[in-house]
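Please find below a short note on the ligand site and the domain arrangement. The points are numbered for ease of reply.

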Amino acid sequence: MDVSCDVPLAPRTTLGVGGVARRFGTVTSIDELRDALADAAAIGEPVLVLAGGSNLVVRDGGWHGLAVAIALPGIAIVDDGDTATVTAAAGVVWDDLVAQCLDAGLAGVECLSGIPGLVGATPMQNVGAYGQEVADTIEWVRVLDRHTGQLETFRKAACGFAYRTSLFKGSTRWIVVEVQFRLARDRRAAPLRYPELSRALGVADGGRAPLADVRRTVIELRRGKGMVVDAADPESRSAGSFFVNPIVNSVQLAALESRLPAGTTMPRFAASGGLTKLSAGWLIEHAGFAKGYTVGRVGISRKHALALVNRGGATTTELLALAHEIQQGVHAAFGIELVPEPVIVGVD
Ligand code: NAP
């Protein structure tokens, strides 16, 4: 692996904030990755694994160690009757994989069109959108164990998938190197589970539509919300959703409802285990933070209340101060703690 020094990380993230990596390199094979980890361990250097940078916030002090960009290539599609297995290396661009699967007439990831980032990052937070999540179709996740240097394969049941999380999220032990999905051989999408998407497609809830139509419509919806990374759209200079939708129990829900002004209808959705999922975006707007709210060089996207945007030349300190202001405002209004969705790394 070729290593460069003092490499700016901001251009490697969709938010475009943060400091430099003391050392930086790109790996294109598992052996190269293993060697890079061993070399760093030998000199006690911390290692940051970089994927697409779409869910990453680097602090202004940067990364005092080695940053490794994962560029492992390769997609293999194997037919298996009514289904096919799709095995993709961690460095494959997620949306390229989705496009290739749909072109091959394989259904199960179409609602996840237009999501930025790389395949290897998707199991970490069980990426989901418009009624699908990667856990619906993942067969297994192959990881490199940083403690042992060995490869391990976790079948889906062992991955600890839950709402926007997994066994891998928040752990520095495993680096995802490959993911296998099982997709249905079908030119029509799986039954639609997201009313906004069904409406846009003109299909009844639970109905079905051609894969290509679903992909086009999801990307249009995402673009309308600044959620397609596009250099021409300043509202997309974000990390997507900055906060996770809170999941609350009945006691928390009752406490929250008691704070709502009479006649207010709050969106809520049944979640597993008898819990209730709330809309973080709704809470933010109703705590007084409108779309477009701006503090200096950072703000809330004009297209979506859940995205924090770098309006040009911002620092991470400014961004995190805005995030903190929003968290405090939502807590004061509703008693709910908003938890950031992106991974925040580095030193102040
Ligand atoms: P929205 O339609 O404004 O709704 C707000 C939230 O309510 C969504 O996040 C969604 O949760 C939930 N919701 C809405 N209808 C639902 C239903 N019928 N059943 C269960 N939950 C429902 O959402 P949005 O922010 O524009 O996002 C649209 C979709 O794209 C969502 O699925 C969202 O997760 C996804 N998305 C994700 C990111 C990201 O960075 N991770 C960015 C943009 C969009 P869920 O999030 O659980 O679906």
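1. A polar contact is taken here as a pair of N or O atoms within 3.5 Å. By this criterion Lys277 merits attention, since one of its polar side-chain atoms lies 2.5 Å from an oxygen atom of the ligand. It should be kept in mind that this is a predicted model.

2. Two further side chains approach oxygen atoms of the ligand. For Lys225 the distance from a polar side-chain atom to a ligand oxygen is 2.4 Å, and for Asn245 the corresponding distance is 2.7 Å. As to enclosure, the ligand on its own has 780 Å² of accessible area, and the protein covers 78% of this.

3. Which elements give two or more residues to the shell around the ligand? They are strand 9 (128-129) and helix 3 (195-201).

4. In total, 19 residues surround the ligand, and the closest are Tyr163, Lys225, Asn245, Lys277 and His304. By character, the shell comprises 7 nonpolar, 6 polar and 6 charged residues.

5. The chain is divided into domain 1 (3-70), domain 2 (75-224) and domain 3 (234-345). The contact between domain 2 and domain 3 takes 6 residues from each of the two. Their centres, taken over C-alpha atoms, are separated by 25 Å.

6. The area buried between domain 2 and domain 3 is about 480 Å². Carbon and sulfur atoms give 48% of that area.

7. The ligand site and the domain arrangement should be read together. Domain 2 (75-224) and domain 3 (234-345) each supply at least three residues to the shell around the ligand.

Key. Residues numbered from 1 in each chain as written. Predicted model: local features only at pLDDT ≥ 70, side-chain atom pairs only at ≥ 80, totals over all residues. Heavy atoms only, no water. Near = heavy atom within 4 Å. Polar contact = N/O pair within 3.5 Å; in protein donor to acceptor, adjacent residues only side chain to side chain. Areas by Shrake-Rupley, 256 points an atom, 1.4 Å probe, with all protein chains shown as cover. Helix = DSSP H or I, 4+ residues; strand = E, 2+ residues; numbered from the N terminus. Nonpolar A, V, L, I, M, F, W, Y, C, P; charged D, E, K, R; others polar. Domains from an automatic or database assignment. Contact = heavy atoms within 4.5 Å. Buried area = accessible area lost by both parts, 1.4 Å probe.
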